[in-house]
Every structure is written in structure tokens, then in C-alpha cells.
Amino acid sequence: QVQVVESGGGLAQPGGSLRLSCVAQGDIFIIYTMGWYRQAPGKQRELVAATTSGGQTNYLDSVKGRFTISRDNATNTAYLQMNNLKPEDTAVYYCNVGVDPDGWGTVDSHWGRGTQVTVSS
């Protein structure tokens, strides 16, 4: 089994910063992808940022230049540095990992339970 735990959410003022962390533990041979998604009230979940094992990254257009995803393969940890936060960034942020559990080539998707980010003055 794989456990995914997010942390670092909270309240920030517009223009402020937060740093989210995601740690994956359990039956992991390799993590191919790690990504951050968010879901605001009444809206669908959307991809915010993702990174591959090869270091490729992609971002939601509205967060480009403000958010940065990074990854520490030694600890199976992903980070999301969020700068210049806006009220529209308010959402529950979820971490997702794509895991090969045993080296057989299958990839399983695992989600954390989310961490709340609120941007308000």
C-alpha cells in the first residue's frame, strides 16, 4: 500500500506565500510522476503542477511564474512553492503520485487527502 500525506496549507493574504509538501510512503519501486491538483468549491479538480521522474514539469497557465513544483527523489517528497497568492487560488490542494509498486511496469495512481489553502485579506 502507498500512503500520500500533504501538509503546509493554511491562510495567506493576497500577495503572500505558502509552501506545500507531499510525502509518499509504502510499496514503492519508483515514482514516475508527482503532481499537485486543486479543487475549489463548486468546481472540478484541476491540475496545478506536475513533475516526472526525468525532471519535466508543467503548470496550469494561471499559476505560471507564481508557483514552482520541485521533487526530492531521496525522500519521495514533492513541494509546491506558491508565491504571489491570489484569492482565486483558494482551494483544497491534493497531491497525486504515479507509482510502480514492484518493478513489473504497472503504474498505480494514489491520492492524498488534501490540504486547505485559503487566500483572503
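Visitor: What makes the side chains of strand S11 (residues 115-119) alternate?

Guide: Thr115, Val117 and Val119 point to one face and are buried, while Gln116 and Thr118 point to the other face and are not. Buried means under 20% relative accessible area, exposed over 50%, and partly exposed in between, with a 1.4 Å probe and protein chains only. Strands are DSSP runs of E with at least two residues, numbered from the N terminus, as are helices (H or I, at least four residues). This is a predicted model, in which local features need pLDDT of at least 70, side-chain atom pairs count only at pLDDT 80 or more, and totals for chains, interfaces and linings use all residues. Residues are numbered from 1 along each chain as its sequence is written, and side-chain values use heavy atoms, with hydrogens and water left out.

Visitor: How do you know that strand S2 (residues 10-12) and S11 pair?

Guide: Two strands pair if DSSP finds at least two bridges between them. S2 and S11 have three bridges, in the parallel sense, so they meet the definition. Ala12 has Val119 of S11 as its bridge partner. Strand S9 (residues 91-100) also pairs with S11 over three bridges, in the antiparallel sense, and Tyr93 stands opposite Thr115.

Visitor: Why is the contact of Cys22 and Cys95 called a disulfide?

Guide: Their sulfur atoms are 2.0 Å apart, and a disulfide is a pair of cysteine sulfur atoms within 2.5 Å. Cys22 lies in strand S3 (residues 18-26) and Cys95 in S9, so the pair ties together parts 73 residues apart in sequence.

Visitor: Why is this disulfide called left-handed?

Guide: The torsion about the S-S bond is about -80°, so the disulfide is left-handed.
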